[in-house]
Amino acid sequence: MNVIVAVDENWAIGRDGEQLLYLSADLKRFKALTMGHAVILGRKTMATFPGGRPLKGRRNLVLSRTEGFAPEGAEVYRDLDSLLAEAPEDAFVVGGASVYRALLDRCETAYVTRIQASFPADCWFPDLDRDPAWEAAEESELLEEKGVKFRYVTYHKK
Ligand SMILES: NC(=O)c1ccc[n+]([C@@H]2O[C@H](COP(=O)([O-])OP(=O)(O)OC[C@H]3O[C@@H](n4cnc5c(N)ncnc54)[C@H](OP(=O)(O)O)[C@@H]3O)[C@@H](O)[C@H]2O)c1
């Protein structure tokens with residue numbers, strides 16, 4: 001499996017149920033990488049998508065124990081094991097914090113947008129630079145949008 005995430009300098013990923021910021025180049029890249037693949041996410045992350053709806057052109061495998069939660073166009077799983085039984089090998093884990101924590105060990109490749117800024121936050125992704133199981137394999141040039149610098153770093157499980 002793959003994981004895709006945007007982090008700030010402290011590996012923060014969100015606050016009050018929202019993303020820290022949206023970068024249009026990053027959103028385009030997210031779409032290009034995930035299109036045609038299954039995405040795996042938690043209920044709270046789906047709520048951050050436009051209209052709170054599943055992503056088009058992708059199988060949306062959503063984790064939730066909420067009674068009656070059955071959004072059209074999504075497959076809802078009540079626990080990790082039943083989701084994993086259905087998840088294809090080329091699926092992308094797209095968040096949020098709880099789902100990243102639960103599934104990072106099962107991922108082989110991590111597509112990380114490293115934003116060179118820090119934001120107030122209440123959830124984080126594990127720091128892959130400090131995790132001996134992972135190594136940075138590819139790094140893009142430094143990009144900039146709305147005065148914010150960022151780059152794409154691809155990590156591989158050793
Ligand atoms: N920077 C990024 O790249 C990025 C990407 C995605 C999300 N985010 C941010 O991450 C934050 C959300 O993360 P989060 O951890 O609060 O929420 P989340 O992981 O998106 O969703 C949590 C919900 O998923 C369900 N869930 C999780 N594990 C489950 C399991 N094992 N079995 C059944 N259901 C399970 C539960 O839903 P029920 O309550 O319905 O049971 C749980 O409340 C937001 O701030 C969001 O913007 C950032």
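**Close-up views of a predicted model**

**View 1. Surroundings of V99.** V99 touches I40, L41, G42, L63 and V93, with residues up to four places away in sequence left out of the count. The structure shown is a predicted model. V99 itself is placed in helix α4. With 23 other C-beta atoms within 10 Å, V99 is buried, because 20 or more such atoms meet the criterion for burial. V99 and L41 are separated by 58 residues in sequence, yet their C-alpha atoms are 6.4 Å apart in space.

**View 2. Contacts of I40.** When neighbours within four places in sequence are set aside, I40 is in contact with L61, L83, A87, A91, F92, V93, V94, V99 and L103. V99 in helix α4 is thus shown here from the side of one of its partners, I40.

**View 3. The largest nonpolar core.** This core has 37 residues, and V3, V5 and I40 are those with the most contacts inside it. Two or more residues are given to the core by each of β1, β2, β4, β5 (59–63), β7, α4, β8 (109–115) and β12 (148–157). The element that gives the most is β1, with five residues.

**View 4. The shell around the ligand.** The ligand is surrounded by 29 residues, of which G14, G42, T45, G95 and G96 are the closest. Elements that give two or more residues to this shell are β1 (2–7), β2 (12–15), β3 (18–19), β4 (38–42), α2 (43–46), β7 (92–95) and α4 (97–103). Helix α4 supplies the largest share of the shell, four residues. Sorted by class, the shell has 12 nonpolar, 11 polar and six charged residues. G42, one of the closest residues to the ligand, is also among the residues that V99 touches.

**View 5. The three-stranded open sheet.** Three strands, in the order β3-β2-β9, form an open sheet with antiparallel pairing. β3 and β9 (123–124) stand at the edges and have a single partner strand each, so one side of each is left without a neighbour in the sheet. The antiparallel strands β2 and β9 are joined by two bridges. Within this part of the sheet, A12 stands opposite W124 in β9. Strands β2 and β3 are also among the elements that give two or more residues to the shell around the ligand, and β2 is among those that give two or more to the largest nonpolar core.

Key
Residues numbered from 1 in each chain as written. Predicted model: local features only at pLDDT ≥ 70, side-chain atom pairs only at ≥ 80, totals over all residues. Near = placed C-beta within 6 Å. Nonpolar A, V, L, I, M, F, W, Y, C, P; charged D, E, K, R; others polar. Buried ≥ 20, exposed ≤ 12 C-beta atoms within 10 Å, placed from the backbone. Contact = placed C-beta atoms within 7 Å. Pairing = 2+ DSSP bridges. Core = buried A, V, L, I, M, F, W, Y, C linked by C-beta atoms within 7 Å.
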